[in-house]
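Biologist: I'd like to go through the empty spaces and the chain contacts in this one. Can we take them one at a time?

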Amino acid sequence: MVLTPHELQHIAQLAHLSLSPDEINTYLPQIESILSHMNDLQQVDVPSQGASDGLPSAILRDDEPLAHPDFSPQSQAPQWEGGFVVPRLS
Amino acid sequence: MSRIQALADAYRQGHRLVSDEVSARLSTIQTQDPTIKAFLSVQSDLAMAQANDLDHRFQKGDPMPLLAGIPIGIKDNIHINGRPTTCASKMLATYTAPYDASVSRHLLSQDAILIGKTNMDEFAMGSSTEHSAFQTTRNPRDVTRVPGGSSGGSAAAVAADMVVAALGSDTGGSIRQPAAFCGIVGLKPTYGRVSRYGLVAFASSLDQIGPLTHTVEDAAILLDAISGFDPLDSTASTHPPTTCYHHLQPDIQGMTIGVPHELLGETIDPAVKASVITALDQLAAHGARWESFSMPVLNAAVSTYYIIAPAEASSNLARFDGVRYGYRHPNCRTVKDMITNSRGHGLGDEVKRRIIIGTYVLSSGYYDAYYNQAQQVRRAITQSFHTAFQRYDLIVTPTAPSTAFELGSHHRDPLGMYLADIATIPVNMAGLPAISIPCNPDPSGLPIGLQLIAPAFEEQRLLNAALLHQTLSMATHTPKETL
């Protein structure tokens with residue numbers, strides 16, 4: 001795995017991160033080393049499955065909305081007057 | 001013997017005042033924490049006011065919960081309403097939690113005293129608590145060494161007796177590994193057993209909150225207190241709260257223990273290996289049977305984890321953009337500059353490295369090769385545990401391949417640090433419960449952790465076996481030597 005400084009900069013931009021030249025010089029060999037190690041994964045023989053099948057599904061409950069007796073959106077608001085009160089835009 | 005139960009009994013019988021206990025803990029923090037640096041914030045006045053109120057209620061003879069007046073530390077990625085939640089990040093240095101995490105609410109409703117917020121690796125990314133933006137926590141057993149991480153502040157605070165117990169979070173071993181390094185007990189419950197509501201997310205499919213304590217009994221008490229269904233966490237299981245403490249019995253009679261030889265091989269320090277085998281032989285002498293077996297897929301666990309966890313982190317941490325939370329970089333010309341500079345300057349090296357890795361493995365052209373493949377390996381790991389538990393009641397491994405390493409020794413080698421998580425990561429991948437308990441220390445006296453793993457929602461089995469080991473092991477009861 002060879003990652004160029006330009007590619008690293010591009011990935012950082014995708015992640016909305018500004019990186020200094022020093023950081024690029026530091027991270028580049030570290031991330032290359034990590035990605036090289038991860039390439040071992042390609043050698044693992046696994047049955048073809050969807051990406052979402054990795055979760056321990058047996059312990060997940062149904063995805064149904066549930067009300068909480070002690071919870072309301074208003075309780076989270078710093079200020080509530082029939083709606084969230086936010087500073088007026090100038 | 002449960003330290004929580006002993007203290008609760010002393011309060012009830014009038015042998016100890018809550019205010020004296022809290023005052024003593026605050027005094028320990030004042031004298032030791034300038035060196036250990038376990039806490040990021042301590043709410044002394046609040047703790048003393050609560051303690052005085054509890055003393056009045058104990059004196060009146062009010063019925064009190066078991067946790068009433070018990071000083072507890074909370075990792076600084078778990079919300080307590082009105083108190084700071086920094087996640088040990090410059091990004092959240094001035095952030096105040098606007099609500100209670102469900103676990104905090106449970107503890108406060110039982111009158112526990114949440115004495116302060118403990119240091120951690122930034123956003124729980126790290127294994128040494130050196131990746132905190134504010135301070136490096138030291139191991140109370142040897143202050144030249146790390147306490148482990150990412151819940152290193154919680155582990156150090158318990159090990160140094162600054163609190164009776166603490167809560168941490170465990171995404172790839174962040175409760176168990178620091179517990180092992182500091183010579184205490186660390187329990188990672190089954191995924192979904194404890195609500196994650198109010199825990200700042202790192203990798204949502206792996207994160208789980210759990211206790212760090214001196215004893216197995218205390219871990220059971222805290223698990224009972226914080227577990228149970230919570231509609232505010234969409235991944236919370238519908239299981240009722242556990243009742244492990246009242247059903248605890250030191251029992252391993254007739255159990256079969258499997259030991260994956262991939263986690264007891266050449267990569268494991270010989271002293272750690274010897275200590276784990278001694279512990280296994282002790283358990284065998286009390287009615288268990290153990291044997292080695294193979295789980296080859298475990299060799300891929302670290303690579304799998306360090307694709308899935310950063311991928312989830314890169315998404316979860318996208319919200320820290322300088323607009324809605326915390327740090328905002330000054331003097332930016334455009335909104336885009338403001339966001340990239342706020343993140344670039346507000347987040348630390350380890351967090352940025354992982355966000356970059358996560359973004360890379362999710363990007364077009366690499367998604368199938370990395371992320372999709374990792375999810376399939378994760379499924380294979382889960383399946384492998386499922387198969388193993390058809391033959392074994394428990395799986396036992398060392399918690400970490402070595403004892404606590406020296407401060408700064410992995411500073412320039414993130415991959416080396418990642419590989420040290422090999423024994424704890426598979427448990428998170430499969431969503432299983434596991435506990436780290438102290439076994440015989442190495443020849444220099446550094447603690448070693450024994451990891452017990454059980455099938456999902458079998459915490460009672462886990463704690464019963466751990467309690468038996470605790471009664472057999474001198475390590476748990478060896479007086480701690482701090483500083």
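Biologist: Which residues lie nearest the centre of the largest cavity?

Modeller: Bear in mind that this is a predicted model. The largest cavity holds about 90 Å³ of space, and 14 residues line it. Those nearest its centre are B:Gly126, B:Ser127, B:Gly172, B:Ser174 and B:Asp421.

Biologist: How does the lining of the largest cavity divide into nonpolar, polar and charged residues?

Modeller: Gly counts as polar here, so B:Gly126 and B:Gly172 go in with the polar residues. B:Asp421, also near the centre, counts as charged. The whole lining comes to four nonpolar, eight polar and two charged.

Biologist: How many cavities of 30 Å³ or more does the whole structure have?

Modeller: The largest has about 90 Å³, and the second largest has about 40 Å³. Searching the whole structure with that 30 Å³ cut-off gives three.

Biologist: Which helices each supply at least two residues of the lining of the second largest cavity?

Modeller: Look at who lines it: chain A brings A:Ile34, A:His37 and A:Met38, while B:Val302, B:Ser303, B:Tyr306, B:Leu415 and B:Tyr418 come from chain B. The chain A numbers fall in 21-38, and the chain B ones in 301-316 and 414-419. That gives H2 of chain A, with H9 and H13 of chain B.

Biologist: And how many charged residues are in the lining of the second largest cavity?

Modeller: Six of its lining residues are nonpolar, and two are polar. Tyr counts as nonpolar, so B:Tyr306 and B:Tyr418 belong to the nonpolar group. As for charged residues, there are no such residues.

Biologist: On to the interface: what area is buried between chain B and chain A?

Modeller: In terms of contacts, 59 residues of chain B meet 42 residues of chain A. Carbon and sulfur atoms give 66% of the buried area. The area itself is about 4400 Å².

Biologist: Which residues form the salt bridge between chain B and chain A?

Modeller: There are 12 residue pairs in polar contact across the two chains, but the salt bridge count is one. Its closest N and O atoms are 2.5 Å apart, within the 4 Å cut-off. The partners are A:Glu23 and B:Lys352.

Biologist: Which element gives the most to the side of chain B that touches chain A?

Modeller: H9, H10, H11, H12 and H13 of chain B each give two or more residues to that side. By class, that side has 30 nonpolar, 19 polar and 10 charged residues. The biggest contributor, with 14 residues, is H12(B).

Key:
Residues numbered from 1 in each chain as written. Chains lettered and ligands numbered in written order. Predicted model: local features only at pLDDT ≥ 70, side-chain atom pairs only at ≥ 80, totals over all residues. Heavy atoms only, no water. 1 Å grid on protein atoms, 1.4 Å probe; cavity = no way out; pocket = protein on both sides within 12 Å on 5 of 7 lines; lining within 4 Å. Points joined across faces, edges and corners; volume = space filled by probe spheres on them. Helix = DSSP H or I, 4+ residues; strand = E, 2+ residues; numbered from the N terminus. Contact = heavy atoms within 4.5 Å. Buried area = accessible area lost by both parts, 1.4 Å probe. Salt bridge = Lys/Arg side-chain N within 4 Å of Asp/Glu carboxyl O. Polar contact = N/O pair within 3.5 Å; in protein donor to acceptor, adjacent residues only side chain to side chain.
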